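Subject: Structure for you to look through

Dear colleague,

I am passing on the structure we spoke about, and I would be glad if you would open it and read my notes alongside it. They are written so that you can follow each point on the model yourself.

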Amino acid sequence: MQTKCAPAGAAPVHDEPPLPPPNKKARALHGKIIIQLKNLLSRNAASALDPVFKAGYSTILELFAAYQREIIASSDYRVTCGKNCPLCCFHWVADVYSFEAAMIGEYIQNHLPQNIPAMCAALREDARLLQTLDDMLDERVLKDARPDTLRELDRDDLLLEGFYQLRRPCALLDERGACTVYAVRPMSCRSYVSFSDPLLCDPDTIYYHEALTCLCTLEPQADELLEELHARYDRCEGDTSLRTLLPYYLEGFRDCIFKRII
Ligand code: SF4
Ligand code: SF4
């Protein structure tokens with residue numbers, strides 16, 4: 001699994017800013033993340049909501065933040081992202097791990113139970129709209145495309161770019177544009193960073209202007225261990241989209257219209 005945003009689909013069409021390879025301190029932090037992941041795997045908790053599992057993953061997220069800081073500090077760039085900076089939250093966030101969705105669901109049930117009906121209604125509408133876009137891609141856009149054009153297109157990227165243009169805010173944002181699950185937001189959301197004016201992340205400009213965004217992610221060894229953990233706690237047939245996973249974790253059943261794995 002390639003972590004995020006882009007929030008799958010978030011990677012803009014221009015080249016991403018090149019980040020330097022991990023330095024000694026970043027490599028040491030990555031080593032600690034690997035140890036923590038192996039601990040979680042060998043402990044084999046019955047549930048992702050096991051308190052020790054949650055504490056272990058919280059430590060991993062803290063180490064990940066320190067790892068990102070170290071890499072970016074050794075680059076020519078400075079992060080411009082803020083806590084109440086919601087434009088990238090229009091993305092269809094994919095590459096969310098099953099255990100992360102379980103923890104977000106529990107967090108919402110504990111802290112925002114009154115929001116669940118409206119959240120689930122918005123999430124289902126998101127899924128319906130994505131399905132509509134998916135159908136339109138076949139029926140109206142790709143049907144008459146030339147074979148050489150089709151070969152160059154990444155269908156899922158096209159779909160996710162289309163969804164971004166719909167400006168559907170993540171249902172987990174509050175009315176001020178703050179993430180209501182910030183403390184437990186998925187690694188996918190944490191991986192996507194910008195080094196340019198936040199206004200350039202707007203769907204109207206991200207694909208055509210000088211937005212400097214990139215994915216600052218872990219190395220493949222960590223990805224593989226995360227995948228293993230994801231499979232162990234998967235309850236949704238491999239789905240990794242935040243907007244289709246959450247209704248299951250909030251209401252206990254799975255009825256979102258868009259079920260294709262992106
Ligand atoms: S600067 Fe862009 S990528 Fe960063 S939090 Fe704001 S909208 Fe998201
Ligand atoms: S989970 Fe939070 S950070 Fe991620 S897209 Fe939703 S509101 Fe934004």
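A residue is called buried when its relative accessible area is under 20%, exposed when that area is over 50%, and partly exposed in between. Thr 132 has a relative accessible area of 32%, so it counts as partly exposed. Please keep in mind that this is a predicted model. Thr 132 belongs to helix H4, which covers residues 116–142, and its C-alpha lies 38 Å from that of Arg 78, with the two positions 54 residues apart in sequence numbering.

Turning to the interior, the largest nonpolar core has 50 residues, and those with the most contacts inside it include Phe 53, Tyr 57 and Met 187. At least two residues of this core come from each of several helices, among them H1 (24–43), H3 (98–111) and H4, while H2 gives the most, with nine residues. Leaving aside residues up to four places away in sequence, Tyr 57 touches Leu 40, Tyr 97, Phe 99, Glu 100, Met 103, Met 187 and Leu 226. There is also a second, separate core of twelve residues, which includes Ala 127, Leu 130, Leu 160 and Phe 258.

Finally, ligand 1 sits in the largest pocket, and the residues around it are Cys 81, Cys 85, Leu 87, Cys 88, Tyr 192, Ser 194, Pro 198 and Cys 201. Sorted by class, this shell has seven nonpolar residues, one polar residue and no charged residues.

Best wishes

How values were computed:
Residues are numbered from 1 along each chain as its sequence is written. Chains are lettered from A and ligands numbered from 1 in the order in which they are written. This is a predicted model: local features need pLDDT of at least 70, side-chain atom pairs count only at pLDDT 80 or more; totals for chains, interfaces and linings use all residues. Side-chain values use heavy atoms; hydrogens and water are left out. A residue is near a molecule or strand if one of its heavy atoms lies within 4 Å of it. On a 1 Å grid over the protein atoms alone, a cavity is a set of points where a 1.4 Å probe fits but cannot get out, and a pocket is an open set with protein on both sides within 12 Å along at least five of seven lines; lining residues have an atom within 4 Å of a point. A molecule sits in a cavity or pocket if more than half of its atoms lie within 2 Å of its grid points. Ala, Val, Leu, Ile, Met, Phe, Trp, Tyr, Cys and Pro count as nonpolar, Asp, Glu, Lys and Arg as charged, and the others, Gly among them, as polar. Helices (H or I, at least four residues) and strands (E, at least two) are DSSP runs, numbered from the N terminus. Buried means under 20% relative accessible area, exposed over 50%, partly exposed in between (1.4 Å probe, protein chains only). A nonpolar core is a set of buried Ala, Val, Leu, Ile, Met, Phe, Trp, Tyr and Cys residues joined through side-chain atoms within 4.5 Å. Contact means heavy atoms within 4.5 Å.
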